[in-house]
Amino acid sequence: MRKIVLVGNPNVGKSVIFSTLTGSRVMISNYAGTTVEYTRGELTIGEETFEVLDAPGTYSLDPSSKVEEVAASLVNQADIVVNVVDATNLERNLLLTSEVLERDVPVIIALNMIDEAGHKGVEIDIEELDKILGVPVIPTVAVSGEGLRKLVDALPTAVNQSRQPLSTADRWIIVGDIVSQVQKITHRHHSWLESLQDASLKPITGIPIAVAIMYVAFQVVIGLGELIAEFIEKYIFEGLYEPLLINLSRFLGGEGFLHNILIGTLIEGEIEFEESLGVLTTGVFVEFGVVLPFLTVFYLVLGFLEDSGYLPRLAVMVDRGLHRVGLHGYSIIPMVLGFGCNVPAALAARNLESRREKFIVCTLMAIAVPCMAQLAMIVGLVGRYGGEYLAVVFATLFFIWIILGLIIDRFMPGYTPSMVIEIPPYRIPSIKAQMKKLGMRVKGLVVHATPYILGGILLVNILYTSGVVEYIGVVFTPLITGVLGLPGEAVSTLLVGFLRKDVAVAMLVPLGLDARQFVIGAVVLAAYFPCVATFSVLVRELGAKDMLKSALIMIVTAFSAGFMLNILLDRIVPAPYLAAGLVVSAIVLAMLLGSTSDRREMKDLDSAA
Ligand SMILES: Nc1nc2c(ncn2[C@@H]2O[C@H](COP(=O)(O)OP(=O)(O)OP(=O)(O)O)[C@@H](O)[C@H]2O)c(=O)[nH]1
Ligand SMILES: [Mg+2]
C-alpha cells in the first residue's frame, strides 16, 4: 500500500485533515504538540487504497527532539507528502516546505487556515505560490472541510522536485523572497478575541485570569462531578443496581467463595459499595460511580481549555515560577493533563526537549499530581473528616512537588534549555469536535481502565481471603506501623495502588482509620509509585535507568512525607496550621532557593562569552 504522510509545523491542522480524510479519530487540540506519535488511517481513491499517516508537528526535518524524529522518519517512508501549511504564518511554515521539497518524494501543499488568514487581513496569491514552488497548492479550511475534496483529487498531481539542499541562511532568504511575492497584509482593527489574547499574556491581567480560570475549572470538575456522582449513586446504584445484587447475594447464600469474589463482604448484613470489595459491588461502583463521573467532567473542561488555545498562555504565565524548579513553562501542559490521567501526561512530556526536563516533569507528576480518579476518591473520602484534612493532603503534595523540584534541579547536572512557546490564536471550540473528543477519551477510559479496576478489586479480594495480606502485613508492620503509624493491613492498599490508585484509596476505608491516618495513607498512596499503566509508559519514555532513579526518589519521598505527617499532624501541629505552614514554606523556599540551574546556565553563558 502506498503511503501518504501529512507533515507540517505544529498546530496547523494536520490531525483535522487526517481525521476527515480517513474517518479515524485522533486527538485535536489548539496547541503545538498534540500529536506525539503517528496515527495510521486509510483513504481509498478510485481503485487504490492508500495508507495515510498523521505525523507529529515539526519545524524541521533535521530533528531536535523525539517528536520531530518521528516526523522526519515518516517523511523518509512516504510515497506522497502532503505538506500542511498554516496560511496565517506563511514564512515560518515555508521553511519546512523548502526542506520537504529537497526530498526525493512527490509533494502537494494544503494551504490550511485560509479562513483565519482572511480574518487577519492576510491575502495570499495562491497561483503565484503554486508557480514559484512548482508543486500544487490547495487552499483548505480543515475544520469545515473546505478544499479537502480538491486536495484528494489533486493527490496524483503531486510533484517530486528533489531540489538541491540549501544552507539554513539561504533557506531564510529564499523563503523571505517568496513571501514578499505572494503575501499581502492589509491593516485592520483588533477583534475582541485578539484583545483577550493580549490581556491573557500580560502579567497584570494574565495572572488574575489564570487564577480565575484554574479556580473555575476545578470548581466545575469537583462540583459538577460530585453532583453527577451523587445522582448516579442514588438513582442507579442504590435504586436499580442494589436490589439486583441483594437478590444475587441471597441466591449465593450470603457467603462462600463466589459470593466473596462477586459481592464481597456484607457490612452489618448490607452491601456497602465503597467497602464490600466485591467485583460487582465495589469494582463496578468505583468505575461507574466514581471514576467516570469525575473524569468525564474533567475531560469536558480540559477539552475546552485545549481547544480554545488557553493552555499555551497558561504556560507563559507560569513560566517564571516553573523555572525555579528547573522547568520550562510548557511543562504545565503535561501537569494539567496529569490531573486527568497520568498516562497521556507522560506522553505529552515528549514535547519537552531535554532528557533533564523530561525526568523532572515525569517524576514530579507521578509523585505529586494525583489523577482524577484518585483525586475524586481523596476528595470524597478524606473530605469526610473535614476540609482541613483535605487541605493537608494537597498542601503536602504541593510541598513535595516544590521541594523535590528544587532538589532535583540543584543536583541533576545541566540546565533546562529555554524553549520558544508558540502561542496559537484563541479559537472558539466547536461543540461537535468537543463531543467527539470526549467520546474518544471516555471510551478509552472504559476500555483501558476496566481490567485494572476489576482486576485490582479481584486481587485484593483474593489476597485478603487467602491470608496473604495478613502475612505480608506482619513482615512490613515495622515499616507501615512504625514509620507511618498505619495498621499492618494497610500494606494491601500499597499493593493495589500499583494497579489502581483510586481503588487503593477506597480500600483505606475498611481499615477503620482516624483522620490523621487516613491523610497519611492518602499521601503515601499518591506519591509512592505510579500505577502500572503510567509506570509502563514512563519506562518507555525515560528509559529503564532513569525510571529506576525516579522510582527510588518516589519511594523515599513518599515514606519521608508519611513519616513527617505521622510526627507532626495533630500531634504537634493541628491540621489547618500544618496545611498553611506547608504551602507558605514551600513558596518561601522556592523564592529563596530556586532557579539553581538557571544560574548555572547564566554562568556557563558568561564564561563562554
Ligand atoms: N479556523 C481554523 N482552525 C483550524 C483549521 N484547521 C485546524 N484548525 C484548528 O487548529 C487547531 C490545531 O489542529 P490540529 O489538527 O490538532 O493540528 P496538528 O497540526 O495536528 O497539531 P500537532 O499535532 O500539535 O502538530 C485545532 O484547534 C483545530 O480546530 C482551519 O482550517 N481553520
Ligand atoms: Mg496533530
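Start by selecting ligand 1 and the 26 residues around it, of which Gly 13, Ser 15, Asn 30, Thr 35 and Gly 57 come nearest. Helix 1 (14-22) and helix 4 (114-119) are the elements that give two or more residues to this shell. Colour helix 1 next: three residues of the shell come from it, the largest share. If you colour the shell around ligand 1 by residue class, you should find ten nonpolar, eleven polar and five charged residues. Keep in mind throughout that this is a predicted model.

**The two domains**

Now zoom out to the whole chain and select residues 3-188 as domain 1 and residues 203-608 as domain 2. The C-alpha centres of these two domains are 39 Å apart. Where they touch, domain 1 supplies 17 residues and domain 2 supplies 21. On the domain 1 side of that contact, eight residues are nonpolar, six are polar and three are charged.

**Helix 9 and helix 11**

The remaining stops are pairs of packed helices. Two packed helices are described by the angle between their axes and by the distance between those axes.

Select residues 203-251, which are helix 9, and residues 279-308, which are helix 11; their axes come within 9 Å and cross at roughly 150 degrees. An angle over 145 degrees counts as roughly antiparallel, so helix 9 is roughly antiparallel to helix 11. The crossing of this pair is right-handed.

Show side chains where the two helices meet. On helix 9, the residues to pick include Ala 217, Val 220, Leu 224, Ile 228, Ile 232, Phe 237 and Leu 245. On helix 11, the partners include Leu 280, Phe 285, Phe 288, Pro 293, Phe 294, Val 297, Phe 298 and Leu 305. By class, the contact of helix 9 with helix 11 holds 19 nonpolar residues, three polar and one charged. Glu 233 in helix 9 is also part of this contact.

**Helix 15 and helix 17**

Move on to helix 15 (residues 355-368) and helix 17 (residues 387-411), whose axes come within 10 Å and cross at roughly 160 degrees. Helix 15 and helix 17 are therefore roughly antiparallel, and their crossing is right-handed.

Which residues of helix 15 meet helix 17? Select Ile 360, Thr 363, Leu 364, Ile 367 and Ala 368 in helix 15. Facing them in contact from helix 17 are Leu 397, Ile 400, Trp 401, Leu 404, Gly 405, Ile 408 and Asp 409. The contact has nine nonpolar, two polar and one charged residues.

**Helix 16 and helix 22**

For the last stop, select helix 16 (residues 372-382) together with helix 22 (residues 515-527). Their axes are 11 Å apart and the helices pack at an angle of about 175 degrees. Helix 16 and helix 22 are therefore roughly antiparallel to each other.

Gln 374, Ile 378 and Val 382 are the helix 16 residues to display, and they meet Phe 518, Val 519, Ala 522 and Ala 526 in helix 22. Counted by class, six residues of this contact are nonpolar, one is polar and none is charged.

Technical notes:
Residues are numbered from 1 along each chain as its sequence is written. Chains are lettered from A and ligands numbered from 1 in the order in which they are written. This is a predicted model: local features need pLDDT of at least 70, side-chain atom pairs count only at pLDDT 80 or more; totals for chains, interfaces and linings use all residues. Domain bounds come from an automatic or database domain assignment. Two residues are in contact if their C-beta atoms, placed from the backbone, lie within 7 Å. Ala, Val, Leu, Ile, Met, Phe, Trp, Tyr, Cys and Pro count as nonpolar, Asp, Glu, Lys and Arg as charged, and the others, Gly among them, as polar. A residue is near a molecule or strand if its C-beta atom, placed from the backbone, lies within 6 Å of it. Helices (H or I, at least four residues) and strands (E, at least two) are DSSP runs, numbered from the N terminus. Axes are lines fitted to C-alpha atoms, for helices over the stretch in contact, and angles run from 0 to 180 degrees between N-to-C directions. Angles under 35 degrees count as roughly parallel, over 145 as roughly antiparallel, 65 to 115 as roughly perpendicular and the rest as oblique. A crossing is left-handed if the near helix is turned anticlockwise from the far one by less than a right angle, and right-handed if clockwise.
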